[in-house]
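Ready to practise reading a protein fold? Work through the exercises below with the structure open beside you.

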Amino acid sequence: MEMDRLDKKRVVLKIGSNVLTKETDHISRGKIEDIGRQIVALQDTYEFVIVSSGAIAVAKQFVNLESNGKEINVKQALASIGQPHLMRIFQESFRDLGLLTSQCLLSYSDFEREQSKNNIVNTINVLVDNNYIPIINENDTVATDEIQFGDNDKLAALTACLLDADLLIIATNTNGICTKESVENKTYKTIDEVEDIELLTGEIVSSTSTHGTGGMRSKVQAASIAQNENIETWIVNGLEDNFMVNTMEKKLPFTKIVKAVYNE
Ligand SMILES: Nc1ncnc2c1ncn2[C@@H]1O[C@H](COP(=O)(O)OP(=O)(O)O)[C@@H](O)[C@H]1O
Ligand SMILES: N[C@@H](CCC(=O)OP(=O)(O)O)C(=O)O
């Protein structure tokens, strides 16, 4: 028997540039196909809203703007050039798997106005009801919050809260959050489950990866925003094949930030 949409668990999946490029200089079609295949495998029980970075990373593979790409306006221009390419790759790869895609560009300030919040919810619900997978990125032309500080993690958390998601999955390039000591001595021991965000904050190391901006700090902040709205966050290793399915089947180490008991 087919499940009604309301019976499905709503997942907001955030994919960082490092995952999309598999830590290279090029966007990985293979990774996008991997994500699509997992959505197909899980779509009877889960519905997906994707928050995808990668616009700047894609642009860098096509163009070389003057200046080194570190200035904020150049990054904004790169995002503008890369975003349609990113969407094209999603659209082509997902279409081959029978999945429909759509694009939504949002910024933090959209989450502060009642009218725009209602518009976002209504639009995304229509998309999901019609089997379209919304692919969200920050509107980098008008806002610079994420390319400066946050690597789309906070945007994903705000989206999860607004859309009343059941689960926020943040796909990054490590097996979740590892203990500080293990990161420092490169033995990488994943913290499996945690409720106390303060505890996690103490484990953050101030590094980011090649394409990343916010490091683990912005992921912990995102988890905190989600936890305040009673949403569980999983920080998973998106570099692995089949990472969501394998995480769900407990075949991959990941960090689960559970709902706070006092919120129950
Ligand atoms: N305790 C920790 N456990 C794992 N990674 C950590 C930790 N503290 C900081 N990091 C860093 O955070 C990085 C992931 O964040 P980031 O580079 O912004 O990636 P993304 O593009 O996925 O958002 C890791 O590659 C690692 O360098
Ligand atoms: N909106 C930007 C996000 C930039 C960014 O650094 O994000 P992330 O890869 O999540 O660290 C883009 O699409 O390139």
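**Exercise 1. Find out what share of the chain is buried, and where the largest nonpolar core has its best-connected residues.**

Solution. Start with the whole chain: of its 264 residues, 41% count as buried (20 or more other C-beta atoms, placed from the backbone, within 10 Å of the residue's own). A quick note on the source: this is a predicted model, where local features need pLDDT of at least 70, side-chain atom pairs count only at pLDDT 80 or more, and totals for chains, interfaces and linings use all residues. Residues are numbered from 1 along each chain as its sequence is written, while chains are lettered from A and ligands numbered from 1 in the order in which they are written.

Next, look for the core (buried Ala, Val, Leu, Ile, Met, Phe, Trp, Tyr and Cys residues joined through C-beta atoms within 7 Å). The largest one has 60 residues, and V12, I50, A156, L168 and I169 have the most contacts inside it.

Now zoom in on V12. Leaving out residues up to four places away in sequence, V12 touches V49, V51, A156, T159, A160, L163, A165 and L168 (contact means C-beta atoms, placed from the backbone, within 7 Å).

**Exercise 2. Work out how helix α3 packs against α4.**

Solution. First, count the elements: the chain has 11 helices and eight strands (DSSP runs, H or I of at least four residues for helices and E of at least two for strands, numbered from the N terminus).

Then check the geometry. The axes of α3 (residues 55–62) and α4 are 6 Å apart, and the packing angle is about 90°. That makes α3 roughly perpendicular to α4 (65 to 115 degrees; under 35 is roughly parallel, over 145 roughly antiparallel, and the rest oblique).

Last, list the partners. On α3 they include A55, I56 and V58, and on α4 they include L78, I81 and L86. By class, this contact has 10 nonpolar, three polar and two charged residues (Asp, Glu, Lys and Arg are charged; Ala, Val, Leu, Ile, Met, Phe, Trp, Tyr, Cys and Pro are nonpolar; the others, Gly among them, are polar).

**Exercise 3. Do the same for α2 and α4.**

Solution. The axes of α2 (residues 29–42) and α4 (residues 72–96) come within 9 Å and cross at roughly 50°. The two helices are therefore oblique to each other. Touching here are R29, I32, E33 and G36 of α2 with I89, F90, S93 and F94 of α4. Sorted by class, that gives four nonpolar, two polar and two charged residues.

How values were computed:
Axes fitted to C-alpha atoms, helices over the stretch in contact; angles between N-to-C directions. Contact = placed C-beta atoms within 7 Å. Buried ≥ 20, exposed ≤ 12 C-beta atoms within 10 Å, placed from the backbone.
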